[in-house]
Amino acid sequence: MSEPTARRNAKIVATIGPASWDPEILRSLLEAGVDVVRVNAAHNTIDVRRDIVKTIRTAARETGRCVAILQDLGGPKPRTGPLPDGETISLRRGQEIELVPGDAQLMQERISIDDANLFAQITPDRRVLIMDGLIELHTTARQGDVVQARVVRSGHLRGRQGVTVPGAKLPPRRITEQEAADIAFAAEAGLEYLGVSFVTCGGDIQMVRDELERHGGQCGIVAKIERPEALEALHEIAHLSDAIMVARGDLGVQLMPEDVPIAQKQIIAVARRHGTPVITATQMLESMIVQPIPTRAETSDVANAILDGSDAVMLSAETATGQYPLEAVEMMNRIVTAIERQCIYPQKAPEVADGPITTASLIARAANDIVRRAPLVNTIAVFTRSGFSAREVARERAVVPIVALTNNDYIARKLSLVWGVTSIVAPFASDTESLINDMTRRLVASGFAQPGHNILFVGSLTVFNEPGHTNLLHIRPV
């Protein structure tokens, strides 16, 4: 069975920053295989972000790539004070430093922390973790608003880095003024996804969704699992979210290191059960920030995330601030493609989570049973207006290419995050036969089918103007 190109099912998410938002570099990253571009709202203004989004859209258009944009909300993440771009402070093991509240520029022996609630909880004999725990401080004394601390784990500190104090309590989640502005921007700019940090329950997701809908936005909500409380509410969060992120950076400083791999597998399993796309993120190819090849352990980490069932794997600092952004994307693509060639993958979907069984889910399972039982079908083509039918087919992990046929560019871009799905955007004919004939021609022209192939069409027999009516399985020889 031939395919149009070497097929990669799991998607690549890449964070952009100073190392990669140059238009030429960004184009090269998209050409190398980036499917979703992540922009962190905590590190730039809306005016800057507006230009970044234009650059991404232009690069996608010039490269012919269907690319989604994921904007991470800053969230209630405590951070250190700023430093000019490219500057760092070197912290040595055993060095004595001061911690102070506020957002003052970092100094060699004084670190500001911008979260008053967290700072109030920093008492003597506490661990303070910075940059996802790469830097660790131990507090020794406190006098008023000055905390004395000693460097336990050294490193080079950049500006505006995340701060965690294990055991400190978070106040109830609310939408900050800055987050509200960032949500409004996401709606205005037509972004495909919003990442929500420090989710603890389904109510956090609904709160952001309500704010988004108030501005007329359609973004998918990505719940970042970073807190132990979120692990306890995984099913609720997966049910209410459009995607889940295994955010191992912050999760890894809340849990003991040895507990993170089990949490990762648990999160992926629950997301898969709900049919919710899941991204595995943070430190995947961390050494490629400063060197052109990863460690063998990092290679295995990416491979295991794929074998666990991740829809996507994510690059963070590797592409945002690293010295080798293009090499990191190329390496990620190589690892994923190599793993997917093995016969142990892909994995069939787990049983559907509690809740009603829909016609669409039954049709999707039947479609995948057909292609697994006999080498009859070479491509599954899914008519979709909302993306739902394509996601249902994808959750079954088809062994042939899945092509979403949609008349909506925005839906095509959103599907760039979903495992195994490639999109073709075209107008829909008004009757079934004309629609299937037209799409067959487009599939052949795009290289997804050729004479002698069989295409399994999934969609609606009669209702093309409304989403959510999947009830058709049709095999069409080419």
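**Helices α2 and α4.** I started with a crossing: α2 passes α4 in a right-handed crossing. The model is predicted, and I kept that in mind for every entry below. I then looked up the geometry of the pair. Helix α2 covers residues 46-63 and helix α4 covers residues 177-189, and the two pack with their axes 11 Å apart at an angle of about 30°. Because angles under 35 degrees count as roughly parallel, I entered α2 as roughly parallel to α4.

Next I listed who makes the contact. From α2 I found I46, R49, R50, V53 and R57. From α4 I found Q178, A181, D182, F185, E188 and A189. Sorted by class, the residues of this contact are five nonpolar, one polar and five charged.

**Helices α1 and α2.** I moved to the pairing of α2 with helix α1, residues 23-32. Their axes lie 9 Å apart and the packing angle is about 50°. I noted α1 as oblique to α2, since that angle falls outside the ranges for roughly parallel, roughly antiparallel and roughly perpendicular. The crossing of α1 past α2 is right-handed.

For the residues, I have P23, L26, R27, L30 and E31 on the α1 side. On the α2 side they meet T55, I56, A59, A60, E62 and T63. The class count for this contact is six nonpolar, two polar and three charged residues.

**Nonpolar cores.** Which residues touch the most other members of the largest nonpolar core? I found L194, I244, M332 and I380, in a core of 89 residues. I also checked which element gives the largest share of this core: helix α12 (residues 325-340), with seven residues. Apart from this core I found another, of 23 residues, including L83, L106, I111 and L137.

I then took I380 and looked up what it touches, leaving out residues up to four places away in sequence. The list runs A367, N368, V371, V393, A398, V400, P401, I402, V403, L456 and V458.

**L472.** Last, I looked at L472, which sits in strand β21 (residues 472-477). Is L472 buried or exposed? Its relative accessibility is 10%, and buried means under 20%, so I put L472 down as buried. I also checked its separation from L30, a residue I had already met in the contact of α1 with α2. L472 and L30 are 442 residues apart along the chain, and their C-alpha atoms are separated by 34 Å.

Note on methods. Residues are numbered from 1 along each chain as its sequence is written. This is a predicted model: local features need pLDDT of at least 70, side-chain atom pairs count only at pLDDT 80 or more; totals for chains, interfaces and linings use all residues. Side-chain values use heavy atoms; hydrogens and water are left out. Helices (H or I, at least four residues) and strands (E, at least two) are DSSP runs, numbered from the N terminus. Buried means under 20% relative accessible area, exposed over 50%, partly exposed in between (1.4 Å probe, protein chains only). A nonpolar core is a set of buried Ala, Val, Leu, Ile, Met, Phe, Trp, Tyr and Cys residues joined through side-chain atoms within 4.5 Å. Contact means heavy atoms within 4.5 Å. Axes are lines fitted to C-alpha atoms, for helices over the stretch in contact, and angles run from 0 to 180 degrees between N-to-C directions. Angles under 35 degrees count as roughly parallel, over 145 as roughly antiparallel, 65 to 115 as roughly perpendicular and the rest as oblique. A crossing is left-handed if the near helix is turned anticlockwise from the far one by less than a right angle, and right-handed if clockwise. Ala, Val, Leu, Ile, Met, Phe, Trp, Tyr, Cys and Pro count as nonpolar, Asp, Glu, Lys and Arg as charged, and the others, Gly among them, as polar.
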